[in-house]
Amino acid sequence: MRKGLVVALGLSFAASVALAHTGVKNMTVMKRMEAMQSMGDSTKVLGQMAKGERTFNAETARAAALAIARHAAETPVLFEERAEDPKDEAKPVIWEQFEDFATKSEKLEKVAMRLAGSVESVDDVRAGLGEIGAACKACHEVYRE
Ligand code: HEC
């Protein structure tokens, strides 16, 4: 019992530290931001390869593209609930035309999967990254502040 309480306090402390990091209080908003940030990290890996700042490695490129595809598949689920936070950058119009929002996410999933399934050279990374970047932008333009 005592131990359980200590563990619970420890967990809530860890959670509040994570929240203090960005100032986001709503857990649903936090989760979707984390998924976006993770997508940003994977895109960065591809970007570094495309620019020659990182040695091309097909396995690493495939893993990054797969991670993007996985997060893209998850995006509509993460945004399904209309959660708000003073720090969020999601435009309310998402929930007025959720189908289009989901379609834009599917588009990203598709191009990321295609890259994951075909990448063999740095030129493939460059081409795939162009498509991925366009898919990120297509959604952000309309749905992100
Ligand atoms: C279907 C729409 C959609 C797609 C596709 C999309 N995003 Fe986002 N992104 C959003 C929305 C909406 C927000 C704002 C979320 C919020 O503040 O709650 C966001 C926020 C972000 C953020 C800021 C996260 C934070 O901590 O505040 C990053 C980074 C990001 N996106 C990167 C990407 C990258 C990289 C891609 C492509 C690989 C991508 N996004 C594709 C909708 C999308």
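## Polar contacts with the ligand

A polar contact is a pair of N or O atoms within 3.5 Å. In this predicted model, the side chain of R32 meets that cut-off, since one of its N or O atoms is 2.7 Å from an oxygen atom of the ligand. The side chain of Q37 likewise places an N or O atom 2.7 Å from an oxygen atom of the ligand. At E89 the backbone takes part: one of its N or O atoms lies 2.6 Å from a ligand oxygen atom.

The surroundings of the ligand comprise 23 residues. The closest of these are M36, E89, C136, C139 and H140. E89 is thus named both among the closest residues and as the source of a backbone polar contact.

## Overall architecture

The chain contains five helices and zero strands. Read from the N terminus, its elements follow the order α-α-α-α-α. Of the 145 residues in the chain, 33% are buried. The accessible surface comes to about 9,000 Å², and carbon and sulfur atoms account for 57% of that area.

Contacts across the sequence can also be described for the chain. Where the contacting residues are at least 6 apart in sequence, 71% of the contacts join residues at least 24 apart.

## Nonpolar cores

In soluble globular proteins, nonpolar side chains tend to be buried together. Here the largest nonpolar core consists of 21 residues. Within this core, the residues with the most contacts are L46, A61, I68, L108, L115, V125 and I132. At least two core residues come from each of α2 (27-50), α3 (58-79), α4 (98-118) and α5 (122-143). Helix α3 provides the largest share, with six residues.

A61 shows how such a residue is surrounded. When residues up to four places away in sequence are not counted, A61 touches L46, M49, F56, V119 and V125. Another core, of nine residues, lies apart from the largest one and includes A35, W95, F101 and C139. C139 is also one of the closest residues to the ligand.

## Aromatic pairs

Three aromatic pairs are found in the whole structure. One of them is formed by F101 and Y143, with an edge-to-face arrangement, 5.2 Å from centre to centre and 85° between the planes. Because F101 belongs to helix α4 and Y143 to helix α5, this pair ties together parts that are 42 residues apart in sequence.

Both partners are shielded from solvent access by the criterion of under 20% relative accessible area. F101 is buried at 3% relative accessibility, and Y143 is buried with a relative accessible area of 2%. Ring pairs also join F101 and Y143 with F79 and F98 in a cluster.

## Buried Ser and Thr residues

T75 is located in helix α3. Its relative accessibility of 5% means that T75 counts as buried. Beyond its neighbours within four places in sequence, T75 is in contact with M36, M39, F101 and S105. Two of these partners appear elsewhere in this report: M36 is among the closest residues to the ligand, and F101 pairs with Y143.

S42 is found in helix α2 and is buried, with 10% relative accessibility. Apart from neighbours within four places in sequence, S42 contacts A64, A67 and I68. I68 is one of the residues with the most contacts inside the largest nonpolar core.

Methods. Residues numbered from 1 in each chain as written. Predicted model: local features only at pLDDT ≥ 70, side-chain atom pairs only at ≥ 80, totals over all residues. Heavy atoms only, no water. Core = buried A, V, L, I, M, F, W, Y, C linked by side-chain atoms within 4.5 Å. Buried < 20%, exposed > 50% of the residue type's maximum accessible area, 1.4 Å probe, protein only. Helix = DSSP H or I, 4+ residues; strand = E, 2+ residues; numbered from the N terminus. Contact = heavy atoms within 4.5 Å. Phe/Tyr/Trp six-rings, centres within 6.5 Å; stacked < 30°, edge-to-face > 60°. Near = heavy atom within 4 Å. Polar contact = N/O pair within 3.5 Å; in protein donor to acceptor, adjacent residues only side chain to side chain. Areas by Shrake-Rupley, 256 points an atom, 1.4 Å probe, with all protein chains shown as cover.
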